[in-house]
Amino acid sequence: MQYSVLLATDLDRLIQALRAEGYQVMGPTLRDQAIIYDEIHSVAELPKGWGDEQEKAHYRLKQREDGAYFGYAAGPHSWKKFLQRPRRPVWRAQKSEDSLQIVAAVETVPAMAFLGVRSCELHAIATQDRVFTGDQYRNDSYSERRAKLFIVAVNCTTAAATCFCTSMHTGPQVTLPCDLEMTEVIDDAEHFFLLRSGSAGGERILQQLPLHAAAQRHHVLAQSAVSNAVRQMEQGPRNFDSSDLQALLYRNYDSVSWDQVADRCLSCANCTMACPTCFCSTVEDTTDLSGDHAERWERWDSCFTGDFSYISGGAVRADTRSRYRQWMTHKLATWYDQFGSSGCVGCGRCIAWCPVGIDITEEVQSIREAEKR
Amino acid sequence: MSNTQGKPKLAVWKFASCDGCQLSLLDCEDELLQLADSIDIAYFMEASSRQVEGPYDLSLVEGSITTADDERRIRAVRDQSRALVTIGACATAGGIQALRNFADVEEFTAVVYAHPEYIATLKTSTAISAHVPVDFELQGCPVNKRQLLEVISAFLHRRPPQVPPHSVCIECKLRGNVCVWVAHGTPCLGPVTHAGCGAICPSYNRGCYGCYGPKENPNTASLCHWWREELGADQATLIENLRNFNAAAPPFERESRRQEQRDGEE
């Protein structure tokens with residue numbers, strides 16, 4: 001594989017090359033004391049020099065001393081919001097005297113380039129691909145957005161305390177296909193990106209950049225930077241063996257752990273909204289006052305709401321215990337049966353963004369220990 | 001006057017309230033004309049002195065029950081209404097005036113009025129549903145006008161209203177807001193509060209004040225525990241937040257009483 005070096009001072013060239021190719025560039029930027037994903041127009045909008053400190057129900061920005069562009073871990077947003085829209089119109093209907101006309105909502109799908117996709121996030125996108133682009137329940141809105149997508153992946157060189165991709169085997173080194181792969185390296189006086197293309201489109205972008213040949217030294221530094229993230233996670237609080245999760249959960253539908261977590265869980269749905277793989281949506285059908293117009297909208301839904309499992313006679317999962325159990329068992333066990341992979345990529349968002357600090361890795365441990373008793 | 005022939009009859013009633021929810025209906029402006037085309041506004045004293053006698057197809061009730069006369073009047077309203085929908089925190093949970101439920105109302109009247117003997121009031125402020133059967137409760141202080149129109153449209157076209165009872169957190173996440181609780185350490189009632197406002201306060205970096213009352217399946221005990229232990233909220237803050245516009249909504253009332261109790265234990 002051909003690697004090259006892009007100096008950090010030339011990073012804007014990459015953004016401008018993508019924009020010139022007609023891509024709407026989505027990337028990390030600072031807002032409301034967090035690093036979120038939004039459209040970016042130049043390198044000036046990237047969170048240069050900012051990192052984060054994350055723990056259960058805790059996220060704070062932290063100034064870094066090294067001026068890194070990608071020195072942060074997974075934040076409040078995931079790329080999901082650009083591919084599976086939080087709300088979108090599905091169809092509109094118009095009633096006239098003798099007919100009812102239903103017209104599918106047609107959207108102009110932008111060609112987007114995601115800048116700074118982490119390995120766990122590539123896995124999350126691949127997970128959603130299996131849900132939305134399969135033959136059986138294909139989602140056209142998602143599929144069209146996905147088909148036009150250009151991905152610039154960035155290897156993680158730093159991990160938050162909430163990260164556990166090494167336990168879920170999804171990172172931090174990029175292994176899935178992407179258009180460009182980069183590693184940010186800051187060493188003494190040097191600040192550069194080691195990068196390679198992973199597609200013809202990526203190659204076309206590379207040709208427009210002022211690249212330098214990659215020497216052995218560049219490779220060693222990049223590898224050592226990624227190893228740093230691995231080490232942080234392996235020595236961190238959330239390193240665990242995930243190989244038996246499916247069997248563990250199938251054996252423990254009646255674990256006392258579910259009652260304990262239900263006492264704390266707010267069933268507020270923050271975990272599912274922040275999760276990059278949670279894909280559930282509902283449809284809302286409305287009419288206007290005249291009754292001549294009707295609309296169907298799709299919007300994100302969550303297995304933590306009562307409406308989610310509501311059928312004639314009431315909600316199937318009326319209490320929090322059954323909702324949390326459904327979510328976690330689906331994420332870590334039944335997902336394998338349904339889609340052939342885990343539903344969890346180890347990004348840690350559900351841990352940081354749960355208002356009361358419920359930690360899925362701790363819950364696994366709690367079920368394990370309850371079983372031994 | 002538009003033709004009222006064959007149109008469903010709408011009545012809007014006021015009990016103990018500030019009129020803000022009725023104003024939400026008047027605020028509809030453009031849609032108000034469409035509303036008048038679809039429905040006969042037969043009784044709406046805030047908007048018009050025209051009064052058409054009942055029965056009514058749809059009654060919107062604002063306000064809580066605070067007097068013996070209210071108790072009689074709401075039964076009369078129910079008797080002449082095919083469907084009765086309560087609008088706002090007063091009608092669905094007793095409103096801010098339900099703070100009297102936690103104190104002695106005679107003491108209040110003695111302090112406030114020069115001649116308290118003129119005041120005939122009940123010891124409590126209660127929701128409409130405590131007195132008569134209610135077909136649908138629209139929460140909010142005040143109600144959201146889009147949701148109000150949605151409830152009326154749903155009634156007119158005999159479909160369920162799209163008023164999800166989930167948390168304000170879902171509205172925040174749909175908007176892409178950064179969580180003020182997690183990222184700023186700001187106490188927020190969003191995780192136990194009914195959606196509907198569109199997460200206005202967190203969108204401006206404030207915590208949610210719970211104007212829309214309890215969501216479905218709220219866990220106020222866990223929320224209070226985290227506010228106290230991790231966000232540094234004291235007992236007064238907890239109780240003041242729970243005892244706002246929806247003080248007498250059962251989950252909030254139970255929790256605020258439990259928080260009071262805790263003081264005795266400590």
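**Stop 1: a hairpin in chain A**

Select strand 2 and strand 3 of chain A, which form a hairpin with two residues between them. Click on A:D32 in the turn: this residue has a positive phi of about 50°. Keep in mind as you look around that this is a predicted model.

Now colour the two arms of the hairpin. Strand 2 covers residues 24–31 of chain A and strand 3 covers residues 34–39 of chain A. The two pair in the antiparallel sense over six bridges. Which residue in strand 3 of chain A is the bridge partner of A:L30? Show both side chains and you will find A:I35 there.

**Stop 2: a sheet of four strands**

Next, stay in chain A and select strands 7, 6, 14 and 13. In that order they form an open sheet, and the pairing is antiparallel. Strands of a sheet pair through backbone hydrogen bonds, and they can do this in a parallel or an antiparallel way.

Which strands of chain A are the edge strands here? Look for strand 7 (100–104) and strand 13 (281–287) of chain A, each of which pairs on one side only. Turn the sheet in your viewer: neighbouring strands are turned by 20° against each other on average, direction ignored.

Zoom in on one pair. Strand 6 of chain A, residues 87–95, pairs with strand 7 of chain A in the antiparallel sense, over five bridges. Pick A:Q94 and look across to strand 7 of chain A, where A:Q101 stands opposite.

**Stop 3: the two domains of chain A**

Give residues 4–234 of chain A one colour and residues 245–372 of chain A another: the domain assignment calls these domain 1 and domain 2. Taken over C-alpha atoms, their centres are 25 Å apart. Where they meet, domain 1 of chain A brings 37 residues to the contact and domain 2 of chain A brings 33 residues.

What should you highlight on the side of domain 1 of chain A that touches domain 2 of chain A? Try strand 5 (58–63), strand 6, helix 3 (119–132) and helix 5 (165–168) of chain A, each supplying at least two residues. You have already visited the element with the largest share: strand 6 of chain A gives nine residues to this side.

**Stop 4: chain A as a whole**

Zoom out and show chain A as a cartoon. You should be able to trace 13 helices and 16 strands. The radius of gyration of chain A is 22 Å, close to the 21 Å that the globule rule gives for 373 residues, so chain A is as compact as a globular protein of that length. Along the principal axes, the C-alpha atoms of chain A fill a box of roughly 65 × 65 × 35 Å.

How many of the 373 residues of chain A count as buried? The share is 43%. Among contacts in chain A between residues at least 6 apart in sequence, 70% join residues at least 24 apart.

**Stop 5: crossing over to chain B**

Show both chains together and look at where they touch. Chain B contributes 37 residues to the contact and chain A contributes 40 residues. On the side of chain B, select helix 2 (30–38), helix 6 (145–156), helix 7 (168–175), helix 8 (180–184) and helix 10 (220–229), each of which supplies at least two residues. Which helix of chain B has the largest share? Helix 6 of chain B does, with five residues.

**Stop 6: inside chain B**

Hide chain A and look at chain B alone, with its 12 helices and five strands. The radius of gyration of chain B is 20 Å, close to the 18 Å that the globule rule gives for 266 residues, so chain B is as compact as a globular protein of that length. Of those 266 residues, 49% count as buried.

Colour this chain by its domains too: domain 1 is 9–156 and domain 2 is 168–265 of chain B. Their C-alpha centres lie 25 Å apart. The contact between them takes 16 residues from domain 1 of chain B and 13 residues from domain 2 of chain B. To see what gives the most on the domain 1 side of chain B, select helix 4 (residues 89–93) of chain B, which provides three residues.

For a last selection, take residues 18–154 of chain B. An unreviewed UniProt entry lists this span as "domain: NADH:ubiquinone oxidoreductase-like 20kDa subunit". The span is 37% helix and 16% strand, and its end C-alpha atoms lie 26 Å apart.

Definitions and conventions: Residues are numbered from 1 along each chain as its sequence is written. Chains are lettered from A and ligands numbered from 1 in the order in which they are written. This is a predicted model: local features need pLDDT of at least 70, side-chain atom pairs count only at pLDDT 80 or more; totals for chains, interfaces and linings use all residues. UniProt positions are given in the numbering used here, feature names are shortened, and annotations may be inferred rather than shown by experiment. Two strands pair if DSSP finds at least two bridges between them. Axes are lines fitted to C-alpha atoms, for helices over the stretch in contact, and angles run from 0 to 180 degrees between N-to-C directions. The radius of gyration is taken over C-alpha atoms; the globule rule is 2.2 Å times the number of residues to the power 0.38. A residue is buried if 20 or more other C-beta atoms lie within 10 Å of its own, exposed if 12 or fewer, and partly exposed in between; C-beta atoms are placed from the backbone. Two residues are in contact if their C-beta atoms, placed from the backbone, lie within 7 Å. Domain bounds come from an automatic or database domain assignment.
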